[in-house]
Amino acid sequence: LAIAYVLIGNSLYDEAIQYFSTMLQEEPELISAIYGRGIAYGKKGLHDVKNAELALFELTRVISLEPDHPEVFEQRAEILSPLGRVSEALSDLTKAIQLQPSARLYRHRGTLYFISEDYATAHEDFQRSLELNKNQPIAMLYKGLTFFHRGLLKEAIESFKGALKQKADFIDAYKSLGQAYRELGNFDAATESFQKALLLNQNHVQTLQLKGMMLYHHGSLDEALKNFKRCLQLELYNEVCQYMKGLSHVAMGQFYEGIKAQTKVMLNYPLPGQKASPEYLKVKYLREYSRYLHAHLDTPLTEYNTDTDLPGNFKDHWAKNLPFLIENYEEQPGLQPHIKDVLFQNFESYKPDVQELICVADHLGSMMQYETPGFLPNKRIHRAMGLATLEVMQAVQRTWANSKVRMNGKTRLMQWRDMFDIAVKWRRIADPDQPVLWLDQMPAQSLSRGFNNHINLIRGQVINMRYLEYFEKILHFIKDRILVYHGANNPKGLLEVQEALEKVHKVEDLLPIMKQFNSKTRDGFTVNTKVPSLKDQGKEYDGFTITITGDKVGNILFSVETQMTEERTQLYHAEIDALYKDLTAKGKILILSAELGEVDAVCNLILSLVYYFYNLMPLSRGSSVIAYSVIMGALMASGKEVSGKIPKGKASIKISKDISSLVDFEAMTAPGSEAFSKIARSWMNLKSVSPSYKSLPSVSETFPTLRTMIEVLNTDSSHCLKK
């Protein structure tokens, strides 16, 4: 028996099995031999299902003969979980804990709950494990990860720090701490944590990858690239680093290197039955779009339109993040050798007035940044949207002075969509990874089916902290709609419903109540918001849909979405058309006589127009920051400048890629355009526009091509701070 166990300890499983089998021929119910043979089969079963089944058979025999040994249940759980039989493994661990609780068993069970995404239960197990033995850095790390995955970032950070107190050289804890700070939007603290992980092991691929991703989304593309290159030296087939390397090159205008890296990702086909990685699904779109951008590097931006140039099915699949299976798709032509890559421009090589323009843009872009935890500042997007704001200001001023603009190869008076297109153009080029496309320009069949903009607020146990401040507002709204519904359909039971609703303080508690009072609410319910028309008093449009569904485990899905249909789009367009016409007329009067009342009316028209834009959500990505830069630019044209920052109170913790995203939620939850104008004006702190803006050079003439736009986004602006 001893020899057999020594053989297991030396990974000689076949020899061990022979010893155990010989003993069992003489004594068929020798428990320690059955158990030993089960362990030996289990070790072999890590690589082969047949041995795993034999191991389960042996361990089950042991349990039937002597059912009160916790280690046998634990051993069986270890074999069941890699086979995907997690619920059986969990019940074995629970049995082992009932027989003899230990820190190790709680940690083991917590890990299985964690893998099953039941983070709350996992958290309880790690907590119990730590109560029995507090010096367990791994349990502490996992406890932090159960917070992290539920969006509870500050609690996660405390746990990761606790793990580091117990084990100062714990690389995974530094890496997770960096990731939590990144999600909080604390760039400096995240950088410091990633650096500490890399000091302990400069070849830690996961940290290099995460640090590179953070730098990319901070707008530091050069620095990001260094991390992705290092990551690929260590792990040649790392798809994330390869994809991000290609993306960083393309964003900086280095198309040859970029497309080379993208092609490497494309050659990494998933094996039959293997799930394709997100990078593999996205890379074909990025490569096609990169070729399109390269071909248009030197074409004046006024002479073409990306939305009409890109094939309809391509846009539809890209925006919906579908696999690249497009019938009869004709590839974009390869790179033309006569079109050279974008070269780096020194800040000093720009004329003084253009340097001034860049510095003003950086400042304006930073006004769109939330001053709250949860927002990673992106310098590149700040600059792009600052330049968009100035270009909108200049275009609106020209329109009010009766000048025409040149757009999409035509010279005409500017329409409202042209105004938004200025910001779309800058948002698109700042991050080519994201499809910023007009949804009404999608193919007809895609629109007739409806196009959804979807946001999960709670999915299972994962809370989207970004919208936490709005949960209460949405809850009140849902309660009101439920009372209206019951008032119309169940007047007798209204009081009972009202009393039950008064006890509800969390969205999760609504489902059981709805099931109690409405037999149709089996799995969940939806509530629609309404947007009142200014044009036709008394008329209302569909806003967004709130959905709450729950399954047997009590996991809920709480989400909001806007449904883009052709009919809804036309109604909103008519509303925006009328407001824009009114705005242009009032703007022309304003230019002639700047009376206070006129300025006020123009400001309200701008905010009302954007209120409908927010509720329409007409773009596949980036609607929020685009709309906000249009607000700022149009207000500046009317002589008013936004000097207040978006308030802190409106976002406790935010996890997001986009800026000023919560202004859209203000618009979507406001009862009407007047209410939205009032809220927005309360924190915009409008003041008279600085006269120096008048003397700035024209943005569209200074940066007339994609090449010049990429150059200005690449240039270093640390000089602005000195000014």
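**Close-up views of a predicted model**

At 0% relative accessibility, Cys231 counts as buried, because burial is assigned under 20% relative accessible area. This residue opens the legends below, which describe a predicted model.

**View 1. A disulfide joins Cys231 to Cys241.** The S to S distance of this bond is 2.1 Å. Cys231 belongs to helix 14 (residues 221-234) and Cys241 to helix 15 (residues 239-251), so the pair ties together parts that are 10 residues apart in sequence. The torsion about the S-S bond of Cys231 and Cys241 is about 95 degrees, and the disulfide is therefore right-handed. Cys241, like its partner, counts as buried, with 0% relative accessibility.

**View 2. A disulfide joins Cys359 to Cys720.** Here too the S to S distance is 2.1 Å. Cys359 lies in helix 20 (residues 352-366), whereas Cys720 lies in helix 34 (residues 718-722), so this bond ties together parts that are 361 residues apart in sequence. About the S-S bond of Cys359 and Cys720 the torsion is about -80 degrees, so the disulfide is left-handed. Both cysteines, Cys359 and Cys720, are buried. The structure holds two disulfides, and with bonded cysteines counted along the chain their pattern is 1-2, 3-4.

**View 3. Five strands form an open sheet with antiparallel pairing.** The strands follow the order 4-3-7-6-5. Strand 4 (462-463) and strand 5 (524-532) stand at the edges; each has a single partner strand, so one side of each is left without a neighbour in the sheet. Strand 3 (residues 451-460) pairs with strand 7 (residues 556-564) in the antiparallel sense, over nine bridges. Within this pairing, Asn452 stands opposite Gln563 in strand 7. Helix 27 (residues 566-592) packs on the sheet and touches strand 5, strand 6 (540-550) and strand 7. The direction of helix 27 makes about 135 degrees with that of strand 6.

**View 4. Phe314 and Phe324 form an edge-to-face pair of rings.** A pair of aromatic rings is described by the distance of the centres and the angle of the planes. The structure holds 25 aromatic pairs. The rings of Phe314 and Phe324 have their centres 6.1 Å apart and their planes at 65 degrees, so the pair is edge-to-face. Phe314 is in helix 19 (residues 312-319), and Phe324 is in the loop between helix 19 and helix 20, 10 residues apart. Phe314 and Phe324 are both buried. Ring pairs also link these two residues with Tyr285, Tyr289, Trp318 and Tyr329 into a cluster.

**View 5. Tyr572 and Tyr612 form an aromatic pair.** The centres of the two rings are 6.4 Å apart, with 65 degrees between the planes, and the pair is edge-to-face. Tyr572 lies in helix 27 and Tyr612 in helix 28 (residues 596-616), so the pair ties together parts that are 40 residues apart in sequence. Tyr572 counts as buried, at 0% relative accessibility. Tyr612 likewise counts as buried, at 0% relative accessibility.

**View 6. The feature "repeat: TPR" comes from a UniProt record.** The unreviewed entry places this feature at residues 103-136, 171-204 and 205-238. In the span of residues 103-136, which is 79% helix and 0% strand, the end C-alpha atoms lie 9 Å apart. In the span of residues 171-204, which is 82% helix and 0% strand, the end C-alpha atoms lie 8 Å apart.

Conventions. Residues are numbered from 1 along each chain as its sequence is written. This is a predicted model: local features need pLDDT of at least 70, side-chain atom pairs count only at pLDDT 80 or more; totals for chains, interfaces and linings use all residues. Side-chain values use heavy atoms; hydrogens and water are left out. Two strands pair if DSSP finds at least two bridges between them. Helices (H or I, at least four residues) and strands (E, at least two) are DSSP runs, numbered from the N terminus. Contact means heavy atoms within 4.5 Å. Axes are lines fitted to C-alpha atoms, for helices over the stretch in contact, and angles run from 0 to 180 degrees between N-to-C directions. A disulfide is a pair of cysteine sulfur atoms within 2.5 Å. Buried means under 20% relative accessible area, exposed over 50%, partly exposed in between (1.4 Å probe, protein chains only). UniProt positions are given in the numbering used here, feature names are shortened, and annotations may be inferred rather than shown by experiment. Rings of Phe, Tyr and Trp (its six-membered ring) pair if their centres lie within 6.5 Å; planes under 30 degrees apart count as stacked, over 60 as edge-to-face and the rest as tilted.
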